[in-house]
Amino acid sequence: MYHLYASQNHNNPLVVSMARGDVNGDRVPDNIYLTGIRTQESPFVQDITLVIQDGATGQFTRIPLQSNAGYNPALFLGDFTGNGVQDIMISIASGGSGGTMYYYIYSYATNKPKLIFDYNAFNEAYQYDVIYKDYYKVDVIDRTTRQKYIIDISQRGRQYLSEIYNRNGRLRQPIQGWVNPLSGLYPVDFDANGVYELLAYQRIAGRYNADSLGYVETTLKWDKNQFTQLQQVVSVFGAQE
């Protein structure tokens, strides 16, 4: 049996997040924990582990996470696959300057843990080219689908634009930005049928990380055995007249 420590010893794992719901499908609520080792005088948590206590038997199952250190680890329970059983969503803030997050979703139906969403796999699949163009435009191009989005940056301010363009609106030199890894992943039941979709946010960076141009927003829906893209948009920041 896996013991959940309540000790103040900083070398022992403590419960850092908890949720309760039926995750194995036997209609008995289970206890879901994230445990971890808190860093002394810091909100940083290491060795974050998913622990499931079967509500019917009291038995514990321990599931290590690949990315298991960060800030504000949290749990969300909801049905993502449509089988009527709640799945387990884990979020951990990386603490990096880009605001990136670690996300995992596990199915635990019939007491069999299965990783159905891995933020690393998502980041590898959703790659983009960000290319500054003449006349105050930036192209964001999905490398897989070749879908192109065009961002108008003509309202970004005279000083910003003068560093990039000459008086005729032509680029002074080639510039490329990038799209950051996941910075937000939100469960949303768009069609109100009790099954959650996922809304993923990736921040678009221009010349440097703090030079935000907008976000790529991708909606994912479970399809048989994996999450697939339902739709995708690019959102941009407004500017005052």
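# Reading a two-domain strand model

Tutor: In this predicted model, the centres of domain 1 and domain 2 lie 29 Å apart, taken over C-alpha atoms. Their contact takes 16 residues from domain 1 and 16 residues from domain 2.

Student: Where do the two domains run along the chain?

Tutor: Domain 1 covers 14-118, and domain 2 covers 126-236.

Student: What are the overall dimensions of the C-alpha trace?

Tutor: Along its principal axes the trace spans about 75 × 45 × 30 Å. The accessible surface of the chain is about 13000 Å². Carbon and sulfur atoms account for 46% of that surface. Of the 241 residues, 44% count as buried.

Student: How many helices and strands does the chain have?

Tutor: Two helices and 15 strands. Next, the contacts along the sequence. Take those between residues at least 6 apart: 43% of them join residues at least 24 apart.

Student: How do I read a sheet? What is the order of the seven strands?

Tutor: Read the order across the sheet, then the sense of pairing, then the edges. The order here is S11-S10-S9-S12-S13-S14-S15, the sheet is open, and its pairing is antiparallel. Strand S11 (148-152) and strand S15 (226-235) each have a single partner strand, so one side of each has no neighbour in the sheet. From one strand to the next, the twist averages 25 degrees.

Student: How many bridges pair S13 with S14?

Tutor: Eight, in the antiparallel sense. S13 takes in residues 197-205, and S14 takes in residues 212-223. To check the register, find arginine 203: opposite it, in S14, stands tyrosine 215.

Student: Which strands form a hairpin with three residues between them?

Tutor: S9 and S10. Look in the turn for tyrosine 135, which has a positive phi of about 65 degrees. Six bridges pair S9 with strand S10 (residues 137-142), again antiparallel. Valine 138 in S10 is the bridge partner of tyrosine 132.

Student: What joins S9 to strand S12?

Tutor: Two bridges, with the strands running antiparallel. Strand S12 spans residues 176-188. Find isoleucine 131 and look across: glutamine 176 in S12 stands opposite.

Student: Which side chains of strand S9 are buried, and which are not?

Tutor: Follow the alternation along residues 128-133. Tyr128, Val130 and Tyr132 point to one face and are buried. Asp129, Ile131 and Lys133 point to the other face and are not buried.

Student: What is the order of the open sheet of four strands?

Tutor: S5-S6-S7-S8, with antiparallel pairing. Strand S5 (71-78) and strand S8 (114-118) are its edges, each pairing on one side only. Direction ignored, neighbouring strands of this sheet are turned by 20 degrees against each other on average. S7 and S8 run antiparallel and are joined by four bridges. There, tyrosine 104 stands opposite aspartate 118 in S8.

Student: Is alanine 74 buried, exposed or partly exposed, and why?

Tutor: Use the cut-offs: buried is under 20% relative accessible area, and exposed is over 50%. Alanine 74 has a relative accessible area of 28%, so alanine 74 is partly exposed. This residue is found in strand S5. Setting aside residues up to four places away in sequence, alanine 74 touches Ser17, Leu34, Met89, Ile90 and Ser91. The C-alpha atoms of alanine 74 and isoleucine 92 are 6.6 Å apart, with 18 residues of chain separation.

Student: Why does serine 91 count as buried?

Tutor: Because its relative accessibility is 16%; the limit is 20%. Serine 91 sits in strand S6 (residues 87-93). Beyond four places in sequence, serine 91 contacts Asn72, Pro73, Ala74, Met101, Tyr102 and Tyr103.

Student: How do I read a nonpolar core?

Tutor: In soluble globular proteins, nonpolar side chains tend to be buried together. Find the best-connected members, then ask where the rest come from.

Student: Which residues of the largest nonpolar core touch the most other members?

Tutor: Leu50, Ile88, Ile90 and Phe117, out of 55 residues. Strand S7 (residues 101-107) supplies the largest share of the core, six residues. Each of domain 1 (14-118) and domain 2 (126-236) gives this core at least three residues.

Student: What is phenylalanine 117 in contact with?

Tutor: Leave aside neighbours within four places in sequence. The contacts of phenylalanine 117 are then Tyr103, Tyr104, Ile105, Phe122, Leu182, Leu185, Leu198, Leu220 and Phe227.

Note on methods: Residues are numbered from 1 along each chain as its sequence is written. This is a predicted model: local features need pLDDT of at least 70, side-chain atom pairs count only at pLDDT 80 or more; totals for chains, interfaces and linings use all residues. Side-chain values use heavy atoms; hydrogens and water are left out. Two strands pair if DSSP finds at least two bridges between them. Axes are lines fitted to C-alpha atoms, for helices over the stretch in contact, and angles run from 0 to 180 degrees between N-to-C directions. A nonpolar core is a set of buried Ala, Val, Leu, Ile, Met, Phe, Trp, Tyr and Cys residues joined through side-chain atoms within 4.5 Å. Buried means under 20% relative accessible area, exposed over 50%, partly exposed in between (1.4 Å probe, protein chains only). Domain bounds come from an automatic or database domain assignment. Contact means heavy atoms within 4.5 Å. Accessible areas come from the Shrake-Rupley method with a 1.4 Å probe; for residues, only the protein chains shown count as cover.
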